[in-house]
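The following note concerns a predicted model. It takes up two topics in turn, helix packing and the principal pocket.

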Amino acid sequence: MTGDSEDPNDDEQYHLAVGPDDVADSVLLPGNPERVEKVVADWDDYEVTGEHREYRTATGTHDGTPISVTSTGIGSPSAAIAVEELARVGVDTLLRVGSCGSIQPEASVGDLVITTGAVRQEGTSKEYVREDYPASADHRVVSALVAAAEELGYDYHLGVTCSTDSFYAGQSRPGFDGFEARDSDAKLDELRQAGVVNFEMEAASILTLASIYGLRAGAVCTVYANRETGEFRTEGERKATKCASRAVTYLERMDEAVEEAGVDQWHAGLSIER
């Protein structure tokens with residue numbers, strides 16, 4: 001067993017450059033660092049608390065609820081680093097927010113996809129646990145995201161997401177000069193027939209690691225591309241971030257209802273009236 005050679009101190013995380021006092025219990029996880037400014041634009045207040053490489057963190061309040069955001073960069077390897085280091089500083093709730101490509105015709109450009117579980121077609125989570133371990137979203141987070149989408153009046157779809165390591169070949173897109181990965185069309189058809197709703201690149205690893213570590217996690221993405229119709233537009237980018245920020249407020253109310261009722265888990269019989 002080797003020593004902790006890559007964990008120089010307990011006060012500030014090596015990659016994220018944050019400590020326990022720099023983040024709230026709930027953290028939104030966009031990929032693009034530039035999206036952080038768009039996330040916090042809807043909050044009551046915020047301050048940047050960490051910035052290093054692709055990781056930018058800000059903490060503030062939304063509708064009076066403490067909340068943070070940390071960008072993860074593209075893909076599961078860097079997202080897993082964010083989950084690891086946020087867990088180390090005490091975070092208990094993680095909400096992936098971003099964009100995705102739909103593979104079902106009804107999930108139109110500009111709609112939201114709220115992930116219930118993910119196909120682990122990426123390599124990062126496989127380095128943590130066996131391949132048949134499920135990547136499942138926390139039921140409370142899914143419920144909070146649905147409530148937020150309903151309140152905001154956004155069109156949304158619930159379902160299984162496929163997370164990949166490749167934007168091109170892994171998502172059955174042609175590569176440079178028309179290159180096509182082996183069985184590309186067959187894999188896409190199989191996912192469609194199985195009812196998988198969308199492609200993206202981080203949810204599976206975030207959900208898997210959160211489950212292993214006893215955290216709660218979920219994902220909501222805005223559809224930018226519909227692979228069935230051929231439509232592609234960067235439309236409705238802030239829908240996912242607004243939905244996730246609102247969901248954090250719902251989660252706080254759900255937690256309060258659980259505590260007041262003296263039960264262990266949130267369930268539909270508990271009220272969270274505004």
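1. Helix α3, spanning residues 139-152, packs against helix α6, spanning residues 237-261, at an angle of about 120°. The axes of the two helices lie 8 Å apart. Angles of 65 to 115 degrees would count as roughly perpendicular and those over 145 as roughly antiparallel; α3 and α6 are therefore oblique to each other. The crossing of α3 and α6 is right-handed.

2. On the α3 side, the contact is made by Arg-140, Val-141, Ser-143, Ala-144, Leu-145, Ala-147, Ala-148, Ala-149, Glu-151 and Leu-152. In α6 these residues meet Lys-242, Cys-243, Ala-244, Arg-246, Ala-247, Tyr-250, Leu-251 and Met-254. By class, the residues of this α3 and α6 contact comprise 13 nonpolar, four charged and one polar.

3. Turning to the pocket, the largest one in the model has a volume of about 470 Å³. Its lining consists of 21 residues. Those that lie nearest the centre of the largest pocket are Ile-74, Arg-96, Ser-99, Phe-167 and Met-201.

4. Which elements give two or more residues to the lining of the largest pocket? They are the strands β5 (93-102), β9 (198-200) and β10 (216-226). The largest share, five residues, comes from β5.

5. As to chemical character, the lining of the largest pocket divides into eight nonpolar, eight polar and five charged residues. Among the residues nearest the pocket centre are Arg-96 and Ser-99, together with Phe-167.

Note on methods. Residues are numbered from 1 along each chain as its sequence is written. This is a predicted model: local features need pLDDT of at least 70, side-chain atom pairs count only at pLDDT 80 or more; totals for chains, interfaces and linings use all residues. Side-chain values use heavy atoms; hydrogens and water are left out. On a 1 Å grid over the protein atoms alone, a cavity is a set of points where a 1.4 Å probe fits but cannot get out, and a pocket is an open set with protein on both sides within 12 Å along at least five of seven lines; lining residues have an atom within 4 Å of a point. Grid points are joined across faces, edges and corners, and a volume is the space filled by probe spheres set on the points. Helices (H or I, at least four residues) and strands (E, at least two) are DSSP runs, numbered from the N terminus. Ala, Val, Leu, Ile, Met, Phe, Trp, Tyr, Cys and Pro count as nonpolar, Asp, Glu, Lys and Arg as charged, and the others, Gly among them, as polar. Axes are lines fitted to C-alpha atoms, for helices over the stretch in contact, and angles run from 0 to 180 degrees between N-to-C directions. Angles under 35 degrees count as roughly parallel, over 145 as roughly antiparallel, 65 to 115 as roughly perpendicular and the rest as oblique. A crossing is left-handed if the near helix is turned anticlockwise from the far one by less than a right angle, and right-handed if clockwise. Contact means heavy atoms within 4.5 Å.
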